[in-house]
Amino acid sequence: MTEKEKREVVETTEAQIAVHWQEEGYVNPSGKFVAQANMTDDTIYERFSLDNFPNCFKEYADLLDWYEYWHTTLDTSDAPCWKWFAGGKINASYNCIDRHLAKNKNKTAIHFVPELESEKVEHVTYQELFVRVNEFAALLRDFAGLKRGDRVTLHLPMTAELPITMLACARLGVIHSEVFGGFSGNACADRIVDSQSRVLITMDAYYRGGKLIDHKEKADTAVGKAEEDGQKVDKVLVWQRYPGKYSADTPMVEGRDYFVNDLLKDYYGVRVEPERMNAEDPLFLMYTSGTTGKPKGCQHSTGGYLAYVTGTSKYVQDIHPEDVYWCMADIGWITGHSYIVYGPLALCASSVIYEGIPTYPDPGRCWRIAQDLDINIFHTAPTAIRALRKVGPDEPAKYNYHFKHMTTVGEPIEPEVWKWYYEVVGKKEAIIVDTWWQTETGGFLCSTLPAITPMKPGSAGPGMPGIHPVILDDDGNPIPTGSGKAGNICIQNPWPGGFQTIWGDRDRFVRQYYERYCKDPKSKDWRDWPYLAGDAAVQAEDGYYRILGRIDDVINVSGHRLGTKEIESAALVVPEVVEAAVVPVKHDIKGIEPDLYVSLKPGVEGTEELAQKVSQTIVSEIGAIARPRKVWIVPDMPKTRSGKIMRRVLGAISNNADVGDVMTLANPEIVEAITKMVQEK
Ligand code: WTA
């Protein structure tokens, strides 16, 4: 391929269609907020400067209880697989539960809010959490035979049983891998196989949009498909949404499926001594989409991860013991792991878990929950903010709640939407942090520090203390601050929350995140290994970063990461389809939506039914979040002379943008035909 052709096959990225809004002015936190903030000392940036790296992170690790202190803060001997707090021994379940009991056993750890308003809210105290985690850990150990280092797949919806299960695993040193409840059985199977889990933990049913959904069904698909792919699951542990009652229609499989609530009776009163884990032992896997069809298991450590999410929950989320904190993300995503479960519970916070959709049964639901539980910290994504604003712009004013702090995460937030969040949801009393980070990074990378650095709508803010971003151009030269030019945002240094590797695929880990800008692949010096985040960004004069979107084949639908290749390979499961191409399209609420182009086997007719079938297949292969806006059946794909599909051209068509020069394509005439088809609809 010539250089020119190589450039031509650059595919449509989110960054290319990102909204390039203008820089906004600063908004300052109120004196009232500052007066109570956990971190008001602006020398923190100095303490966490590169000169003080890596020892600065001791400050976060010291928020935890260690069985044994570490001897090496950062061990780089296996670069770029960093080991933080090497020599340290710690248990995450102990830090999130046991250590709080002496002073706070009667405090609510988890408020579980069922979707149906007729059901009462469940308040799980720290003591009750302790009891339930111990009993379930005993069951996992003695009944399921799980031990330190084993992997177990969880496919649990948003209920209190999800953190209970995670913490029971952590207590034993079992590596949990929670799969988002909305994912299909097939998607769950892939993760079971990749992590070699022989136990699946699920729930019979949960509420969504007022309907009790049979979730057990997905476990049967998952186990069946995993077995076909070579991984046998010998036990399926089924929590019941209503303990003692089975709420799914799918039958239980004798000798394989067990109701947790039946088994638990044998473990009443049992206590399990927490395993003394090495700081660098894996705590969990979190699968996420990347540039290939296969999702990758991001492996997170115990000590480094927990230190990082605890420190950032304290200083960025500003959680105090008396606060009621609600992060509306799903625990099936990294945000939920770090900022519903591990960070807040390590700080002895009260963390809210809501089962259902934010606008059920009406647009005021969120604000009623906030009012009734007297929530003062709220955390959600732009896609939810846009939806709440659309359906109920005046709802927040009707409820008597007061937030002091709000977070936005997952996608760039339009200044317009930011201002509604600030003025209407936050009632101009709450500060906002726009936190930029990723599944891979464990915790926040860029954000303002709420009492120290002012807010700027649409901007994530400066690097976090101890995180030193740099924007590099394609040749690896830093793009100067304030130049207005976009480039690839990288982090110059490791940090304790960063993932350790891709489960079972170190080469892919190095290739994808470090190879691009590494000058010496043999180097053991962290300075030689900038971390490539995969986002495009610009840095303003004041050092604040604005994130534009993904530079790779990942799209961000409603703040959820999907690989275009994943969707394309799901479409190819339909036998009539020969080629598939996914491109991101702008959407008012979801931010981005996938548009799917397919071409068919010769002689097959492109009917509406077939388009429906393709769409349905994607839902059953991945889950409803991956459903394309539209399946366009095209006579042929626009291609380069070397036969590569030009997604850039398709992306431009879908977004009603200029397709640019297409005369060098192998089949330029097709562009006009497709444009007509799409833009006339
Ligand atoms: C995007 C979610 C702009 C970004 C925590 C990143 C954001 C991807 C922001 C990671 C933000 C996340 N502003 N974009 N505040 N936060 N992103 O792995 O493209 O699900 O690479 O982690 O979401 O998504 P992930």
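Take helix H21, residues 669-679, in this predicted model. The residues buried here are Ile670, Val671, Ile674 and Val678. Looking down the axis of H21, you'd find these buried residues within an arc of 100 degrees, so they line one face of the helix. Turn to the face pointing away from that buried side, and you meet the exposed residues Glu669 and Glu672. And what covers the buried residues of H21? The cover includes strand S29 (591-600), strand S30 (631-633) and helix H20 (647-654).

Strand S30 spans 631-633, and just there is a charge placed over a ring. Lysine 630 has its charged end over the ring of tryptophan 632, at 5.2 Å from the ring's centre. There's another such arrangement elsewhere: lysine 235 lies over the face of phenylalanine 143, 5.3 Å from the ring centre.

Now for the nonpolar interior. The largest nonpolar core holds 156 residues, and the members that touch the most others are Phe57, Leu129, Ile201, Tyr342 and Phe403. Helix H7 (residues 126-142) gives this core its largest share, 9 residues. There is also a second, separate core, made of 39 residues, with Phe180, Val223, Val557 and Val574 among them.

Phe57 deserves a closer look. Leaving out residues up to four places away in sequence, phenylalanine 57 touches Phe48, Trp84, Phe85, Tyr308, Pro465, Gly466, Pro494, Trp495 and Pro496. Phe57 also belongs to an aromatic cluster, together with Phe48, Phe53, Tyr60, Trp66, Tyr69, Trp70, Trp84, Phe85, Tyr308, Tyr315 and Trp526.

Let's stay with one member of that cluster, Phe85. Phenylalanine 85 lies in strand S2, and its phi is near 55 degrees, a positive value in a residue other than glycine. Is phenylalanine 85 buried or exposed? Its relative accessibility is 0%, so phenylalanine 85 counts as buried. Compare lysine 428, which also isn't glycine and has a positive phi, near 60 degrees. Lysine 428 sits in the loop between helix H16 (415-425) and strand S20 (431-435). With 55% relative accessibility, lysine 428 counts as exposed.

Strand S2 (83-86) leads us to another backbone detail. In the loop between strand S1 (72-75) and strand S2 you'll find proline 80. The peptide bond running from alanine 79 to this proline is cis, with omega near 0 degrees. Tyrosine 360 and proline 361 are joined by a cis peptide bond too, with omega about -5 degrees. Proline 361 is in the loop between strand S17 (350-354) and helix H14 (365-373).

Finally, back to the rings. How many aromatic pairs does the structure hold? There are 46. A pair of aromatic rings is described by how far apart the centres are and by the angle of the planes. Tyrosine 514 and tyrosine 531 make an edge-to-face pair, with 5.9 Å from centre to centre and 65 degrees between the planes. This pair links distant parts of the chain, 17 residues apart: tyrosine 514 is in the loop between helix H17 (506-513) and strand S24 (531-539), while tyrosine 531 is in strand S24. As for their surroundings, tyrosine 514 has a relative accessible area of 4%, so this residue is buried. Tyrosine 531, at 1% relative accessibility, counts as buried as well.

Conventions
Residues are numbered from 1 along each chain as its sequence is written. This is a predicted model: local features need pLDDT of at least 70, side-chain atom pairs count only at pLDDT 80 or more; totals for chains, interfaces and linings use all residues. Side-chain values use heavy atoms; hydrogens and water are left out. A nonpolar core is a set of buried Ala, Val, Leu, Ile, Met, Phe, Trp, Tyr and Cys residues joined through side-chain atoms within 4.5 Å. Buried means under 20% relative accessible area, exposed over 50%, partly exposed in between (1.4 Å probe, protein chains only). Helices (H or I, at least four residues) and strands (E, at least two) are DSSP runs, numbered from the N terminus. Contact means heavy atoms within 4.5 Å. Rings of Phe, Tyr and Trp (its six-membered ring) pair if their centres lie within 6.5 Å; planes under 30 degrees apart count as stacked, over 60 as edge-to-face and the rest as tilted. A charge sits over a ring if NZ of Lys or CZ of Arg is within 6 Å of the ring centre and within 35 degrees of the ring normal. The arc is that of the directions from the helix axis to the C-beta atoms.
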